[in-house]
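Reader: I have just opened a new model and would like to learn how to read it step by step. Could you go through it with me?

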Amino acid sequence: MEKHAEFKKIATTLRRNIIKMLNESGSGHPGGSLSACEIVTALYFKEMRIDPKQPKWEDRDRFVLSKGHAAPVLYAALAEKGYFAKEELMKLRKTGQMLQGHPDMKGTPGVDMTTGSLGQGLAAANGMALAAKLSNKDYRVYALLGDGEVQEGMIWEAAMFAAHYKLDNLTVFLDNNGLQIDGENKEVMNIEPIDEKWEAFGWNVIKIDGHNFEEIFEALDKARETKGKPTIIIAKTVKGKGVSFMENKVGWHGSAPNDEETEKALVELGGEM
């Protein structure tokens, strides 16, 4: 069997469900959801200590989707993991339903933090990680940031905090796909050299291919082994990954596919309407 074939299959399933739920809702964010499928798969189906039957288990690992507009990838993972019925995915963004456009910790089983206002998720993850330290708990905290999001000043306040308090139980992924709603990062507000900036703030920095499971798992191993400082894994990704006409197209940041586009995308992903 091909190495990591099981995880690749899960990531493809997440991608198919992302396309389906966004088509059904008629709105949402496909680009940054598709770019994060391998990262979210690695966390929810191998790395994190979680129990879908006990979503509020005190000793569980925590995950904060700081780039909350990528909620479809989180919802797809939670449903696949068994936190709620997959039928709920088709109710995305519907009034009165639990899967809203951004994650809601009060309304959705498995969501550890309400997010959506960019820049705030890392601070929340810091609080969780510090709480674990103060309570002598061994759970770990994971967060996923967008590369456009790191233009927010609050991210750098939180980065300074995490290093100061030596939050080595915190691992952050940066979904570095190079695009944001208004265009390329380098044109809107250049974030490079992003690795040197995090290093200067006192973080352990690892750079990987964000679609390569081997590199993702190795980076997570190194993060767990690192003591005395938090880790950021800068994952180079492709916005819209897996759907040819969406890949590296900024227009798919926040546009849902119509029926024809959905059918074409699902065929590429080995599925059907």
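Reader: Let me begin with burial: which residues in α3 are buried?

Author: This is a predicted model, and we can start from the idea that a residue counts as buried when its relative accessible area is under 20%. In α3, the buried residues are C37, E38, I39, V40, T41, A42, L43, Y44, F45 and E47. That makes 10 of the 11 residues of α3, so this helix is largely enclosed by the rest of the structure.

Reader: How many helices and strands does the protein chain have, and what share of its residues is buried?

Author: The protein chain has 10 helices and seven strands, and of its 273 residues, 55% count as buried.

Reader: How should I read the radius of gyration of the protein chain?

Author: One sets the value beside what a compact globule with that number of residues would have, which for 273 residues is near 19 Å; the protein chain has 17 Å, and this agrees. Along the principal axes, the C-alpha atoms fill a box of roughly 50 × 45 × 45 Å. It also helps to ask how far apart in sequence the touching residues are: among contacts with a separation of 6 or more, residues 24 or more positions apart account for 75%.

Reader: Let us return to α3, then: at what angle do the axes of α3 and α9 cross?

Author: To read a pair of helices, one considers the angle between their axes, then the handedness of the crossing, and then the residues that meet. Helix α3 (residues 37-47) and helix α9 (residues 213-225) have axes that come within 10 Å and cross at roughly 60°. Angles from 65 to 115 degrees would count as roughly perpendicular and those under 35 as roughly parallel, and α3 and α9 are therefore oblique to each other. The crossing in which α3 passes α9 is right-handed. On the α3 side, the residues E38, I39, T41, A42, L43, K46 and E47 take part, and they meet F213, I216, F217, L220 and R224 in α9. Sorted by character, the residues of this contact comprise seven nonpolar, one polar and four charged.

Reader: Where I see α1 beside α4, how far apart are the axes, and at what angle do these helices pack?

Author: The axes of helix α1 (residues 5-25) and helix α4 (residues 71-81) are 9 Å apart, and the two helices pack at an angle of about 120°. They are therefore oblique to each other, and their crossing is right-handed. From α1 the contact takes T13, L14, N17, I18, M21 and L22, while α4 brings P72, V73, A76, A77 and E80. Here the division is eight nonpolar, two polar and one charged.

Reader: What covers the buried residues of α4?

Author: The cover includes α1, α2 (31-34), α3 and β1 (62-65). Nine of the 11 residues of α4 are buried, so this helix too is largely enclosed by the rest of the structure; among them are V73, L74 and Y75. Just after α4, G82 takes a positive phi of about 105°.

Reader: Could we finish with a single residue: is L122 buried or exposed?

Author: L122, which lies in helix α5 (residues 121-134), has 0% relative accessibility and therefore counts as buried. Leaving aside residues up to four places away in sequence, L122 touches S66, L145, I155, A158, A159, L170, V172, W198 and W203. The C-alpha atoms of L122 and L65 are separated by 9.0 Å, although these residues are 57 residues apart along the chain.

Key
Residues numbered from 1 in each chain as written. Predicted model: local features only at pLDDT ≥ 70, side-chain atom pairs only at ≥ 80, totals over all residues. Heavy atoms only, no water. Axes fitted to C-alpha atoms, helices over the stretch in contact; angles between N-to-C directions. Helix = DSSP H or I, 4+ residues; strand = E, 2+ residues; numbered from the N terminus. Parallel < 35°, antiparallel > 145°, perpendicular 65-115°, else oblique. Left-handed = near helix turned anticlockwise from the far one by under 90°. Contact = heavy atoms within 4.5 Å. Nonpolar A, V, L, I, M, F, W, Y, C, P; charged D, E, K, R; others polar. Rg over C-alpha atoms; globule rule 2.2 N^0.38 Å. Buried < 20%, exposed > 50% of the residue type's maximum accessible area, 1.4 Å probe, protein only.
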